[in-house]
Amino acid sequence: GFDAEDLEGIAGELAAAGSAAPLPVLAVVGRPNVGKSTLVNRILGRREAVVQDQPGVTRDRVTYEANWAGRRFKLVDTGGWEQDVLGLDASVAAQAEFAIQAADAVVFVVDSKVGATDTDEAVVKLLRRAGKPVVLCANKVDGPTGEADAAMLWNLGLGEPHPVSSLHGRGTGDLLDAILDVLPEAPQQTFGAGGIGGPRRIALIGRPNVGKSSMLNKVAKEDRVVVNEQAGTTRDPVDELIELGGKQWMFVDTAGIRRKVHLQEGADYYASLRTAAALEKAECAVVLIDVSESISVQDTRIISMAVDAGRCVVIAYNKWDTLDDERRFYLEREIERDLVQVQWAPRVNVSARTGRHMEKLVPAIETALAGWETRVPTGKLNSFLGELVAAHPHPIRGGKQPRILFGTQAGTKPPRFVLFASGFIEAGYRRFIERRLREEFGFEGTPIQISVRVRE
Ligand code: GDP
Ligand code: GDP
């Protein structure tokens, strides 16, 4: 059984995992080599609790969950994104663009040893225009002698430069306090804005040329787009309200789809920025795959981004009109090989060009949203877990048999489970539990998050 200390721990765990409120987003922006990644690692410490294993998936994470002084927020490391394919200014401008679109607050990192460069000044202009709160991090102040360099950064006009050594941790606590002062409690984009029964938020994502704008035009009935002007609500003009299947849906971040930026270099980089921004706002991601070409690493990476963001997912196999029998044969093999991670996602085989099966999109989205919101009552979950553990015990390790003692669904959107165990639960066994949860309770179209708390 559990003693008082356990119960306290459990309560804390549930409070942390169970909050269904979406988290505010903090973006870390700055030139290469100013120390953004070092700062991100410093902020995260060893706090990353939920580790999901999905073998065979390239995972380029950009969003992390962070926790400081009991406040949880999402941390976006814009530095990890293929910087070298872009010119310096373009790369930093793209980060700023992301920060403007998707973040609730920004940490702007400057190398105080180098001082403010022209690129830094340019970013300051962009950030100012965005109107989002900005905290200035004067990094690489490793000791008291660096304080003077930090003070020089008052010139940027962003307010107080916070002297920090991300490398050694000096000043990071004060920086985080300053960040939490300006970071809103709740993100700007709240799900279902417009209240209960408000339009659900859909993102059309996929690599360039899969047919996103064609699909958008198709669902919007060839550019007949309804502009939402509901009184008293501020909506992002890049989102479009579209009627489909008798209901209204908010297609988010469509400006990025309509405004086709065709860059010779760095197009992928912009595309992934746009994808990340759209996912932040969406509840459901419709991932387009171009069936006329082989499924690529870029496709699986975009799917991983949606799964990591905790959104429900529909896979739309587009350009179905181009399929011949041979390509179809290989496509099914590719799906089995590359997309096992999202076997649970509803699938539609469509043609945005001819309109084939486009009517199946809405039911698929509704299925995914329903899975995303499914809640399993604790009693039901535990009788399921009890039977499962009795019939299929965890393998014995080092003479001991770790057991699942108790579980609860801590949240939805996506479903999150916390399991309490008497010992370390192996990844394989966790996957087994996830599979059985899906068989038992559905969860079609949604990722499931399972965290295990070990009672030592
Ligand atoms: P990013 O490109 O902005 O993500 O920069 P990184 O985090 O990769 O850091 C670039 C270099 O600066 C690395 O060699 C870091 O070790 C170094 N660095 C980062 N923060 C500090 C700091 O506070 N002090 C010093 N002296 N070096 C730092
Ligand atoms: P985006 O970059 O993802 O927005 O892709 P687009 O909508 O611009 O489409 C890229 C190209 O694929 C265009 O030439 C479209 O006409 C073509 N395309 C889009 N959907 C289909 C489809 O269902 N079938 C065929 N054959 N071509 C399509």
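Two strands count as paired if DSSP finds at least two bridges between them. On that basis, this predicted model holds an open sheet of six strands with mixed pairing. Two ligands are present as well, with 15 residues around ligand 1 and 16 around ligand 2.

**The sheet**
- The strand order is β8-β9-β7-β10-β11-β12.
- β8 (240-244) and β12 (347-349) are the edge strands, each pairing on one side only.
- From one strand to the next, the twist averages 30°.
- β7 (residues 200-205) and β9 (residues 247-251) run parallel and are joined by three bridges.
- Ile202 has Phe251 of β9 as its bridge partner.

**Helices on the sheet**
- α7 packs on the sheet and touches β7, β8, β9, β10 (284-290) and β11 (312-318).
- The direction of α7 makes about 140° with that of β7.
- α12 (residues 361-372) lies across β7, β8, β10, β11 and β12.
- α12 runs at about 155° to β11.

**Ligand 2**
- The closest residues are Gly211, Lys212, Ser213, Ser214 and Arg353.
- Helix α7 (residues 212-219) gives the most to this shell, with three residues. That helix also packs on the sheet.
- The shell divides into four nonpolar, eight polar and four charged residues.

**Ligand 1**
- Gly35, Lys36, Ser37, Thr38 and Leu167 come nearest.
- Helix α2 (residues 36-44) supplies the largest share of the shell, three residues.
- By class, the shell has three nonpolar, nine polar and three charged residues.

Notes
Residues numbered from 1 in each chain as written. Chains lettered and ligands numbered in written order. Predicted model: local features only at pLDDT ≥ 70, side-chain atom pairs only at ≥ 80, totals over all residues. Near = placed C-beta within 6 Å. Helix = DSSP H or I, 4+ residues; strand = E, 2+ residues; numbered from the N terminus. Nonpolar A, V, L, I, M, F, W, Y, C, P; charged D, E, K, R; others polar. Axes fitted to C-alpha atoms, helices over the stretch in contact; angles between N-to-C directions. Contact = placed C-beta atoms within 7 Å.
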